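Reader: Hello! I am new to this structure and would love a close look at a single part of it. Could you pick a spot and walk me through its surroundings?

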Amino acid sequence: MRGLFSTLIVVLVALMIVTTEAGKNKKEKNKGGKGGSDCAEWRYGSCVANNGDCGAGTREGTCNEQTKTVKCRVPCNWKKDFGADCKYKFGNWGECDAATSTKNRSGTLVKALFNVDCQQTISVSKPCTTKVKNKPKGSGNSPP
């Protein structure tokens, strides 16, 4: 019985060593780059859609003299002026400028995904809308 217990302990220790080494190899593979690089500061370019302005695409990453391409997705409601990887907190829309028929608001950078270069503050504009509430159908007197 004592010999069986000792054998079981040795097998369990060997199994733990094998699984630990397998986990290390998997982590090294996922570090990115060519040849299991130890590069820590990957810099990525903007995501470029494969077809059109949005949808599935790729972005290129560089670190030292290494490059790699990773899959990405460009949201279809992104702002082309500042890119899909720059996340901003926006204030309220300003008043309508009668001369240009546009209104503006500014945003402050909150997060830059994939270490992309983003402007710290941005300003965006859109056309002013003159919403006219229509009378609900079926109400009011219409001639026969």
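Author: Happily! Let us start with T108, which counts as partly exposed because its relative accessibility is 46%. Please keep in mind that this is a predicted model.

T108 has its place in strand β6, and that strand covers residues 102-112. Across the sheet, T108 is the bridge partner of K89. Once the neighbours within four places in sequence are set aside, T108 is in contact with K87, Y88, K89, Q120 and T121. Take Q120 from that list: T108 and Q120 are twelve residues apart in sequence, and their C-alpha atoms lie 6.0 Å apart in space.

Now let us widen the view to the sheet around T108. Three strands form an open sheet in the order β5-β6-β7, with antiparallel pairing. β5 and β7 stand at the edges with a single partner strand each, so one side of each has no neighbour in the sheet. From one strand to the next, the twist averages 45°. As a general point, the strands of a sheet pair through backbone hydrogen bonds, in either a parallel or an antiparallel way.

How many bridges hold each pairing? Strand β5, residues 86-90, is joined to β6 by five bridges. On the other pairing, seven bridges join β6 to strand β7, which spans residues 121-127. Two places show how β6 meets β7: S106 has S123 in β7 as its bridge partner, and R105 stands opposite V124 in β7.

V124 also leads us to the next feature. The largest nonpolar core has seven residues, namely C86, Y88, L109, V116, C118, I122 and V124. The elements that give two or more residues to this core are β5 and β7. In soluble globular proteins, nonpolar side chains tend to be buried together. You have already met Y88, one of the residues in contact with T108. Another core member, C118, is in contact with D85, C86, Y88, L109 and A112, leaving aside its neighbours within four places in sequence.

Let us return to β6 and look at K103, which is found in this strand. K103 is buried yet has no salt bridge. Where is the nearest side chain of opposite charge? That side chain belongs to E95, and it is 8.5 Å away from K103. A salt bridge would need a side-chain nitrogen within 4 Å of a carboxyl oxygen, so this pair does not qualify. Not counting residues up to four places away in sequence, K103 touches W93, G94, E95, C96, V124, S125, K126, P127 and C128. Notice V124 in that list, a residue that also belongs to the largest nonpolar core.

Which residues, then, do form a salt bridge? The structure holds one, and in it the side chains of D85 and R59 meet at 2.6 Å, N to O. The pair links distant parts of the chain, 26 residues apart: D85 lies in the loop between β4 (66-74) and β5, while R59 lies in strand β3 (residues 55-63). D85 counts as buried because its relative accessibility is 8%. R59 counts as buried too, because its relative accessibility is 3%. D85 also ties this story back to the core, as one of the residues in contact with C118.

For a contrast, consider K71, which is found in strand β4. Is K71 buried or exposed? K71 counts as exposed, because its relative accessibility is 79%. Not counting residues up to four places away in sequence, K71 touches G57 and T58. The C-alpha atoms of K71 and G57 are separated by 5.9 Å, although the two residues are 14 residues apart along the chain.

Finally, let us place all this in the chain as a whole. The secondary structure of the protein chain comes to one helix and seven strands. From the N terminus on, the elements run α-β-β-β-β-β-β-β. Buried residues make up 19% of the 144 residues in the protein chain. Among the contacts with a separation of 6 or more, 39% are between residues 24 or more positions apart.

Notes
Residues are numbered from 1 along each chain as its sequence is written. This is a predicted model: local features need pLDDT of at least 70, side-chain atom pairs count only at pLDDT 80 or more; totals for chains, interfaces and linings use all residues. Side-chain values use heavy atoms; hydrogens and water are left out. Helices (H or I, at least four residues) and strands (E, at least two) are DSSP runs, numbered from the N terminus. Buried means under 20% relative accessible area, exposed over 50%, partly exposed in between (1.4 Å probe, protein chains only). Lys and Arg count as positive and Asp and Glu as negative; His and the chain ends are not counted. Contact means heavy atoms within 4.5 Å. Two strands pair if DSSP finds at least two bridges between them. Axes are lines fitted to C-alpha atoms, for helices over the stretch in contact, and angles run from 0 to 180 degrees between N-to-C directions. A nonpolar core is a set of buried Ala, Val, Leu, Ile, Met, Phe, Trp, Tyr and Cys residues joined through side-chain atoms within 4.5 Å.
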